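Welcome! Please take a moment to look over the sequence and the 3D view, and then we can walk through them together.

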Amino acid sequence: MAYRKTPAEQDRLAAAREHLVEQATTVVADVGWANASVTAVAAAAGMSAGSVYQHFPSKAALAVEVFRRASGREVEVLGKVLQDGDGDAAHRLAQGVAVFARRALERRGLAHALLAAPAEPAVGEQRLEFRRRYRELFAQVVREGMATGLMPAQDPEITAAALTGAIGEVLVDPLAAPAREAVEDLVAELIAMSLRCAGARVDARSVPPGGSR
């Protein structure tokens, strides 16, 4: 009969795996994908390199899990704002862009790793998948804006792709540099650009107050 792990053993392994992913995320945020070696992650997690391979078959598999979880959290936060936030579609678009940008600028190392840092092909594939998820969220709010007359007729998929690419491109250089720029000025410009892209009116009420959600 094959050996079956006890519930206590399963819980211990799950907790160790969770700790490993958390520490790997911190290492990636600090040094990027290329320098986040299994040895470095193992040291941060307080375990041997061999123990890392008990949970993940390769560095690439661990990197994919780090990316999937971290990006998943950002998609979830953006989705809650765009779909369930206060106000009309234009206001929620502004809120979503503001929350996304502020979260990125508060966690520069991790955000840069998720958006642009060179990574293994497996991580690159995940990055494309999550860009698709961002596009879906933006397309939904643009469709609503069109239906309510707040945004002109347009192809919401194209607008969503433009928003996803432009927001990431605007943030890449600030994320890779020391925190010198005025964050709220950058956020305000991103909001205005996003509303113009969708054809929505830009006014002072479109800019949410500072702070992240």
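Is Glu129 buried, partly exposed or exposed? With a relative accessible area of 32%, Glu129 is partly exposed. Keep in mind that the model you are looking at is predicted. We will come back to Glu129 after a look at the whole chain.

## The overall picture

The protein chain contains nine helices and zero strands. Following the sequence from start to end gives the pattern α-α-α-α-α-α-α-α-α. The C-alpha trace spans about 65 × 45 × 30 Å along its principal axes. The protein chain has 213 residues, of which 42% count as buried. If you take the contacts with a separation of 6 or more, 69% of them come from residues 24 or more positions apart.

For a sense of distance, find Thr6 in the segment before helix 1. Thr6 counts as partly exposed, at 37% relative accessibility. Between its C-alpha atom and that of Leu175 there are 45 Å, and the two residues are 169 residues apart along the chain.

## The nonpolar core

In soluble globular proteins, nonpolar side chains tend to be buried together. Here, the largest nonpolar core has 59 residues. Trp33, Leu62, Leu93, Phe138, Met151, Ile167 and Leu171 are the ones with the most contacts inside this core. Two or more residues each come from helix 1 (7-35), helix 2 (38-45), helix 4, helix 5, helix 6, helix 7, helix 8 (156-176) and helix 9 (183-198). Which helix gives the most to this core? That is helix 5, with ten residues.

Leu171 is a good residue to zoom in on. Leaving aside residues up to four places away in sequence, Leu171 touches Phe100, Ala101, Ala104, Leu105, Leu115, Leu186 and Leu190.

## Where helix 5 meets helix 6

Two packed helices are described by the angle between their axes and the distance between the axes. For helix 5 and helix 6, the angle is about 115° and the axes are 5 Å apart. Helix 5 is therefore roughly perpendicular to helix 6. On the helix 5 side, the residues that meet helix 6 are Phe100, Ala104, Leu105 and Glu106. Their partners in helix 6 are Arg108, Ala111 and Leu115.

Arg108 deserves a closer look. This residue lies in helix 6 (residues 108-115) and is buried, with a relative accessible area of 13%. A polar atom of the Arg108 side chain lies 2.7 Å from the backbone oxygen of Pro174.

## Salt bridges

How many salt bridges are there? The count comes to eleven. Three of the pairs are set out here, with the N to O distance for each.

| Salt bridge | N to O distance |
|---|---|
| Arg103 and Glu74 | 2.8 Å |
| Glu129 and Arg132 | 2.3 Å |
| Glu136 and Arg132 | 2.3 Å |

Begin with Arg103 and Glu74, whose closest N and O atoms are 2.8 Å apart. Arg103 lies in helix 5 (residues 89-106) and Glu74 in helix 4 (residues 59-84), so this salt bridge ties together parts that are 29 residues apart in sequence. Arg103 counts as buried, at 12% relative accessibility. Glu74 is buried as well, with a relative accessible area of 15%.

Now return to Glu129, which forms a salt bridge with Arg132. These two sit three residues apart in helix 7 (residues 121-147), so about one helical turn separates them. Arg132 also meets Glu136 in a salt bridge. Glu136 and Arg132 are four residues apart in helix 7, so they too are separated by about one helical turn. Arg132 is partly exposed, with a relative accessible area of 31%, and Glu136 is partly exposed at 39%.

Elsewhere, a network of salt bridges links Glu18, Glu65, Arg68 and Arg69.

## One more stop: His55

Is His55 buried or exposed? At 16% relative accessibility, His55 counts as buried. You will find His55 in helix 3 (residues 49-55). Not counting residues up to four places away in sequence, His55 touches Leu13, Ala16, Arg17 and Leu20.

Note on methods. Residues are numbered from 1 along each chain as its sequence is written. This is a predicted model: local features need pLDDT of at least 70, side-chain atom pairs count only at pLDDT 80 or more; totals for chains, interfaces and linings use all residues. Side-chain values use heavy atoms; hydrogens and water are left out. A salt bridge is a side-chain nitrogen of Lys or Arg within 4 Å of a carboxyl oxygen of Asp or Glu. Buried means under 20% relative accessible area, exposed over 50%, partly exposed in between (1.4 Å probe, protein chains only). A polar contact is a pair of N or O atoms within 3.5 Å; within protein, one must be able to donate a hydrogen and the other to accept it, and residues adjacent in sequence count only if both atoms are side-chain atoms. A nonpolar core is a set of buried Ala, Val, Leu, Ile, Met, Phe, Trp, Tyr and Cys residues joined through side-chain atoms within 4.5 Å. Contact means heavy atoms within 4.5 Å. Axes are lines fitted to C-alpha atoms, for helices over the stretch in contact, and angles run from 0 to 180 degrees between N-to-C directions. Angles under 35 degrees count as roughly parallel, over 145 as roughly antiparallel, 65 to 115 as roughly perpendicular and the rest as oblique.
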